[in-house]
Amino acid sequence: MSDAARVVGDSADVVGLIRQRLAALAPTRLELIDDSARHAGHAGARSGGGHYRLLIVAAAFAGQTRLRRHRLVHAALGELMHDRIHALSVQALSPQEASSAAEPTV
């Protein structure tokens, strides 16, 4: 199977794995967009790692710094960050921040 076929075939699997792993943070909102197709030909895309945008709202982020929130997300994703995910843009909010801000989108 070619690398391109493997990436396309694995995309739905990776999205499912990401959602499954992030469930550990008990999100009240989770939006995940696979931008891998926009990065075709990029070195990370050739190696099989996908590009994703994430909006996650969870009580676990209340009182946490932006860096700590990203570390929580990366920890939940585990080894996916080393092989199946090449790039991940993260917007992590507490429920209070999500309700008081303009409608956050990914």
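The legends below accompany close-up views of a predicted model.

**View 1. Overall arrangement of the chain, with five helices and three strands.**
Read from the N terminus, the elements of this predicted model follow one another in the order α-β-α-β-α-α-β-α. The chain has 106 residues, of which 36% count as buried. Among the contacts that join residues at least 6 apart in sequence, 68% are between residues at least 24 apart. The views that follow go from the sheet to helix α3 and then to the salt bridges.

**View 2. The open sheet, whose three strands lie in the order β1-β2-β3 with mixed pairing.**
The edges of the sheet are formed by β1 (29-34) and β3 (85-93), each of which pairs on one side only. Neighbouring strands are turned against each other by 15 degrees on average, when direction is ignored. Strands of a sheet pair through backbone hydrogen bonds, and the pairing may be either parallel or antiparallel. Here β1 and β2 run antiparallel and are joined by six bridges, whereas β2 and β3 run parallel and are joined by eight bridges.

**View 3. Strand β2 (residues 50-57) and its bridge partners in β3.**
Within the parallel pair, Gly 50 has Ile 85 of β3 as its bridge partner, and His 51 is partnered by Ala 87 of β3. Towards β1, the residue Tyr 52 of β2 stands opposite Asp 34. Strand β2 is largely enclosed by the rest of the structure, because seven of its eight residues are buried, that is, they fall under 20% relative accessible area.

**View 4. Helix α3 (residues 66-77) and its packing on the sheet.**
Helix α3 has twelve residues and spans 17 Å from its first C-alpha to its last, close to the 16 Å expected at 1.5 Å a residue. The residues of α3 that are buried are Arg 69, Leu 72, Val 73, Ala 76 and Leu 77. These buried residues cover an arc of only 135 degrees around the axis, and they therefore lie on the same side of α3. An α-helix has 3.6 residues a turn, so residues three or four places apart point the same way. Leu 67, Arg 71 and Ala 75, on the other side of α3, are exposed. The helix α3 packs on the sheet, where it touches β2 and β3, and its direction makes about 130 degrees with that of β3. After α3 comes Gly 78, which has a positive phi near 55 degrees.

**View 5. The salt bridge between Glu 97 and Arg 69, one of four salt bridges counted in the model.**
The closest N and O atoms of Glu 97 and Arg 69 are 2.6 Å apart. Because Glu 97 lies in helix α5 (residues 95-100) and Arg 69 in helix α3, the pair ties together parts that are 28 residues apart in sequence. Arg 69 is buried, with a relative accessible area of 7%, whereas Glu 97, at 30% relative accessibility, counts as partly exposed. Arg 69 is thus seen here in a salt bridge with Glu 97 and is also among the buried residues of α3 shown in View 4.

**View 6. The salt bridge between Glu 79 and Arg 21, with N and O 2.8 Å apart.**
This pair links distant parts of the chain, Glu 79 being in the loop between α3 and α4 (80-83) and Arg 21 in helix α1 (residues 3-22), with their positions 58 residues apart in sequence. Glu 79 counts as partly exposed, at 43% relative accessibility, and Arg 21 counts as partly exposed at 25%.

**View 7. The salt bridge between Arg 29 and Glu 31, with N and O 2.4 Å apart.**
The side chains of Arg 29 and Glu 31 meet in this bridge, and their residue numbers fall within those of the edge strand β1 (29-34). In a regular strand the side chains alternate between the two faces of the sheet. Arg 29 counts as partly exposed at 23% relative accessibility, and Glu 31 is partly exposed as well, with a relative accessible area of 26%.

How values were computed: Residues are numbered from 1 along each chain as its sequence is written. This is a predicted model: local features need pLDDT of at least 70, side-chain atom pairs count only at pLDDT 80 or more; totals for chains, interfaces and linings use all residues. Side-chain values use heavy atoms; hydrogens and water are left out. Helices (H or I, at least four residues) and strands (E, at least two) are DSSP runs, numbered from the N terminus. The expected span of a helix is 1.5 Å times one less than its number of residues. Buried means under 20% relative accessible area, exposed over 50%, partly exposed in between (1.4 Å probe, protein chains only). The arc is that of the directions from the helix axis to the C-beta atoms. Two strands pair if DSSP finds at least two bridges between them. Axes are lines fitted to C-alpha atoms, for helices over the stretch in contact, and angles run from 0 to 180 degrees between N-to-C directions. Contact means heavy atoms within 4.5 Å.
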